[in-house]
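Colleague: Could you walk me through the charges and rings in this one?

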Amino acid sequence: MSVLTAAPGAAPVGEEPPDTGERHRLTAVTGLAALSLDAMASVAYGPEAIVLVLAAAGAHGLGFTLPVTLAIAGLLAVLVASYRQVIAAFPDGGGSYAVARRHLGVRTSLVAAGSLVLDYVLNVAVAVTAGVAALTSAFPSLYADRLWLCLAVLVLITAVNLRGIVDSARAFIVPTVVFVGSILVLIGVGLFRSAPVSTEAAAGHASVLSDNATTVGALLLLKAFASGCSALTGVEAIANAVPSFRAPRAKRAQHAEVALGAVLGVMLIGLSVLISRFGLQPVEGVTVLAQLADASLGHNAAFYVVQFATMVLLALSANTSFGGLPVLLKLLARDNYLPHVFALKADRQVHRHGVLALALVSAALLLFSGGDTNTLVPLFAIGVFIGFTIAQIGMVRHWRLERGPRWRGKALLNGFGGTLTGVAAIVVTATKFDEGAWLVVVALPVLVVAFRTVHRAYARIGERLGLGRVPEPPHRDRSLVVVPVSTLSRLTSEALTAARSLGDEVRAVTVCYPDPEDRAHSHALERAWADWDPGVPLVRLHSERRALGRPIAAYVRELSAVPGTRVTVLVAETEPERLWQRLLQNQRGAVVAHAVRRDTDAVICRLRFRLG
């Protein structure tokens, strides 16, 4: 089905459903399942990132795991409070992009949008590879096929999201509940144990704890804080996708945001308490979460439930990007910074083009990395911290302009959060620059330049179309319809009938070539035309080369040069009964239409004659 692209500044034309489609939107619970998987799954690697950094200071350094986690939980509370405010102030979604566009200017908003786009794409690739890595750790024989497994998981998630965000939420709500439930049980049981019930998971694995370092400096703590902040990725997703919720959209989105913050905070703090309680030390080849499950629940069926739930949720946490990025792309397209096709919405409230674009770019990243998580992780989380910082600064300006009740306290809260996230963004970028973070530093300005290039193109189109100005009244020109023909058939009769209905004058044209066989065919067509006598002249266009479109386009240019003449080229084609029968067509119509479109300003009309 063909789709019309709206002119700049106008609402894009697409397949909008006639109703509001509320049943295809999210509740607070399904929104939590659809848009929080990234944040929920981050507890599998957030505490581990803190422990691995502090391990450089030996056993003494690990004692700071809980204080660092509490600082991150404090930042989480600030971010949740801030994004609740963002949801209320910007119910059309867009998160940091929407905040920056209103309060910080176009350039800053594009930086925010670019950083979110990069983070969403990287989140898909990292989530899928991490989930498959957990699977191949349990079943080493699958390691050689990890790339194909990654692509298979990506195809599955894409297919579910093409059915609508509500269907994806329903499909993923069970894995989310199982994962959160298993982690909370792990924490609850562990709090009642004075010592690990089992250490079998870590047995035989080398410790990564440093024996030399004994001091903990501010830089090490800052690096641990920045690394642990990877657990905060995904907190912004709900604010970006407010339009996906049922009415009242802002209230439901706020409830989902608070629930996300509460559950995530409890899990992060609880796991860190157990790390300190059990004196856990990181080892090679075994995750910190696996050691905690082993220590708290024992090396039994419960241990494997936690591992399997973690594996599934890590893979499915890519769904957060599929819920948030298409909405962001829609807003960028609405503001003429991306092609308008991204603003089209299909049935079931799906931004299909955004979903497919995300899937294709993520597949390219998976192919580039070979399905290896370690190749992608250094690129991850930088973009989201940039977005966090821009959103916080923008909200400070928002409160200064609004000056509502308690605006100073709200502005101070956002300013404090922006300072923390800005520092985290700088530290993460600096510490991971040589590991691949430089790619993000390069890609972000490239994206911003691309956005502005698209915007300038739409501005030029709008100027040519005279958008915003009252056009001249329409008038009637002499209408001349040109019909390319190559033989006599029922299709020819239908084409001429349609042409005579459209124009004041109709001319049939045929291209003649110098080869003897072609000359004989042309003479036969002329005799048959004279015998048929349709009341339409047949014009012969001679061509020394085997060209079809150019001679017709040149003839149309001559006709269009006559003042007051509007030329229409009617291209008649058959519509076969079966899709595979399209391969049997000679594509002459497409060749003619392309040449006329490229070389003239004539109107092109494609007549489809159904054979069924």
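Modeller: Sure, starting with a definition: helices (H or I, at least four residues) and strands (E, at least two) are DSSP runs, numbered from the N terminus. This is a predicted model, where local features need pLDDT of at least 70 and side-chain atom pairs count only at pLDDT 80 or more, while totals for chains, interfaces and linings use all residues. Residues are numbered from 1 along each chain as its sequence is written, and side-chain values use heavy atoms, with hydrogens and water left out.

Colleague: Which helix gives the most to the positive patch?

Modeller: A patch takes residues with over 30% relative accessible area and no salt bridge, joining like charges within 9 Å and nonpolar side chains (Val, Leu, Ile, Met, Phe, Trp, Tyr) within 5 Å. Here Arg-107, Arg-452, Arg-456 and Arg-460 gather on the surface. Arg-107 sits in helix H7 (residues 106-138). The top contributor, with three residues, is helix H20 (residues 433-465).

Colleague: Is Arg-107 buried or exposed?

Modeller: Buried means under 20% relative accessible area, exposed over 50%, and partly exposed in between (1.4 Å probe, protein chains only). Arg-107 has 63% relative accessibility, so call it exposed.

Colleague: How are the rings of Trp-529 and Trp-532 arranged?

Modeller: Rings of Phe, Tyr and Trp (its six-membered ring) pair if their centres lie within 6.5 Å; planes under 30 degrees apart are stacked, over 60 edge-to-face, and the rest tilted. By that rule there are four aromatic pairs. In the Trp-529 and Trp-532 pair, the centres are 5.5 Å apart and the planes at 90°, so the arrangement is edge-to-face.

Colleague: Where do Trp-529 and Trp-532 lie?

Modeller: Trp-529 is buried at 6% relative accessible area, whereas Trp-532 is partly exposed at 35%. They are three residues apart, about one turn of the helix, and both belong to helix H22 (residues 516-532).

Colleague: Which strands does the salt bridge between Glu-505 and Arg-478 tie together?

Modeller: A salt bridge is a side-chain nitrogen of Lys or Arg within 4 Å of a carboxyl oxygen of Asp or Glu, and the count comes to 14. For Glu-505 and Arg-478, the closest N and O atoms are 2.2 Å apart. The pair ties together parts 27 residues apart in sequence, because Glu-505 lies in strand E2 (residues 505-512) and Arg-478 in strand E1 (residues 478-484).

Colleague: What is the N to O distance between Glu-505 and Arg-507?

Modeller: Glu-505 is partly exposed, with 24% relative accessibility. Its side chain also meets that of Arg-507 in a salt bridge, N to O, at 2.9 Å.

Note on methods. Areas by Shrake-Rupley, 256 points an atom, 1.4 Å probe, with all protein chains shown as cover. Lys, Arg positive; Asp, Glu negative; His and termini not counted. Charge placed at Lys NZ, Arg CZ, Asp CG, Glu CD.
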